[in-house]
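Me: I would like to learn how to read the features of a structure like this one, going from single residues up to the whole chain. Could you take me through it step by step?

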Amino acid sequence: MIDWNTDGHGNIRASTVVGWNTAIDETGELFLRIEFSADPDLENVSALQFRLTAQQAMQIAERLTNTYRQSSTASERPDQSLLLTSQGRPAP
């Protein structure tokens, strides 16, 4: 099981995404670059670059879309607090 990194209060620790870019090469490989900052002032920016299969890219896009839709529905019901999570794993 994949666990989220949390702080001493149990809150998920996360950096702010400040930018991203995608690319595809002549072989059809997909690349994703995510720029992020852990600083509140967003001055110290780092980046990670990933190579994705087409299937992984589609799964990530679908999962982000579905999670957003679920969170929009949940926010319409303020009496229910909900943390929506989803895990991506390589297809067999």
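Me: Is glutamate 29 buried, partly exposed or exposed?

Reply: The general idea is to compare the relative accessible area with two cut-offs: buried means under 20%, exposed means over 50%, and partly exposed lies in between, with a 1.4 Å probe and protein chains only. Glutamate 29 counts as partly exposed because its relative accessibility is 30%. Please keep in mind that this is a predicted model, in which local features need pLDDT of at least 70 and side-chain atom pairs count only at pLDDT 80 or more, whereas totals for chains, interfaces and linings use all residues. Residues are numbered from 1 along each chain as its sequence is written, and side-chain values use heavy atoms, with hydrogens and water left out.

Me: Which residue meets glutamate 29 in a salt bridge?

Reply: A salt bridge is called when a side-chain nitrogen of Lys or Arg lies within 4 Å of a carboxyl oxygen of Asp or Glu. Here the side chain of glutamate 29 meets that of arginine 51, at 3.1 Å from N to O. Arginine 51 lies in strand 3 and glutamate 29 in the loop between strand 1 and strand 2, so the pair ties together parts that are 22 residues apart in sequence. Arginine 51 counts as exposed, because its relative accessibility is 56%.

Me: How many salt bridges does a search of the whole structure find?

Reply: The search finds two. Besides the pair just described, glutamate 35 forms a salt bridge with arginine 33, and their closest N and O atoms are 3.2 Å apart. Glutamate 35 counts as partly exposed at 28% relative accessibility, and arginine 33 is partly exposed as well, with a relative accessible area of 31%.

Me: How should I read the secondary structure, and in which order do the elements of the protein chain run?

Reply: Helices (H or I, at least four residues) and strands (E, at least two) are taken as DSSP runs and numbered from the N terminus. The protein chain has one helix and three strands, and from the N terminus on its elements run β-β-β-α.

Me: What order do the three strands have in the open sheet?

Reply: Two strands are said to pair if DSSP finds at least two bridges between them. The open sheet has the order 1-2-3, with antiparallel pairing. Its edge strands are strand 1 and strand 3, each of which pairs on one side only. Strand 1 (residues 16-24) pairs with strand 2 (residues 30-37) over eight bridges, and strand 2 pairs with strand 3 (residues 46-52) over seven bridges.

Me: Which residues stand opposite each other across these pairings?

Reply: Between strand 1 and strand 2, valine 17 stands opposite phenylalanine 36, and alanine 23 stands opposite phenylalanine 31. On the other side of strand 2, isoleucine 34 stands opposite leucine 48 in strand 3. As a general guide to such pairs, the side chains in a regular strand alternate between the two faces of the sheet.

Me: What should I look for in the turn and the loop, and which residues there have a positive phi?

Reply: Strand 1 and strand 2 form a hairpin with five residues between them, and glycine 28 in the turn has a positive phi of about 95°. Leucine 42 lies in the loop between strand 2 and strand 3, and its phi is near 55°, a positive value in a residue other than glycine.

Me: Which residues make the nonpolar surface patch?

Reply: Patches are built from residues with over 30% relative accessible area and no salt bridge; like charges are joined within 9 Å, and nonpolar side chains (Val, Leu, Ile, Met, Phe, Trp, Tyr) within 5 Å. In this model Val18, Leu42 and Val45 make a patch of about 210 Å². Valine 18 belongs to strand 1 and counts as partly exposed at 36% relative accessibility, and leucine 42 is likewise partly exposed at 36%.

Me: Finally, how much of the protein chain is made up of buried residues?

Reply: Buried residues make up 5% of the 92 residues. Accessible areas come from the Shrake-Rupley method with a 1.4 Å probe, and for residues only the protein chains shown count as cover. The accessible surface of the protein chain comes to about 8000 Å², of which 52% belongs to carbon and sulfur atoms.
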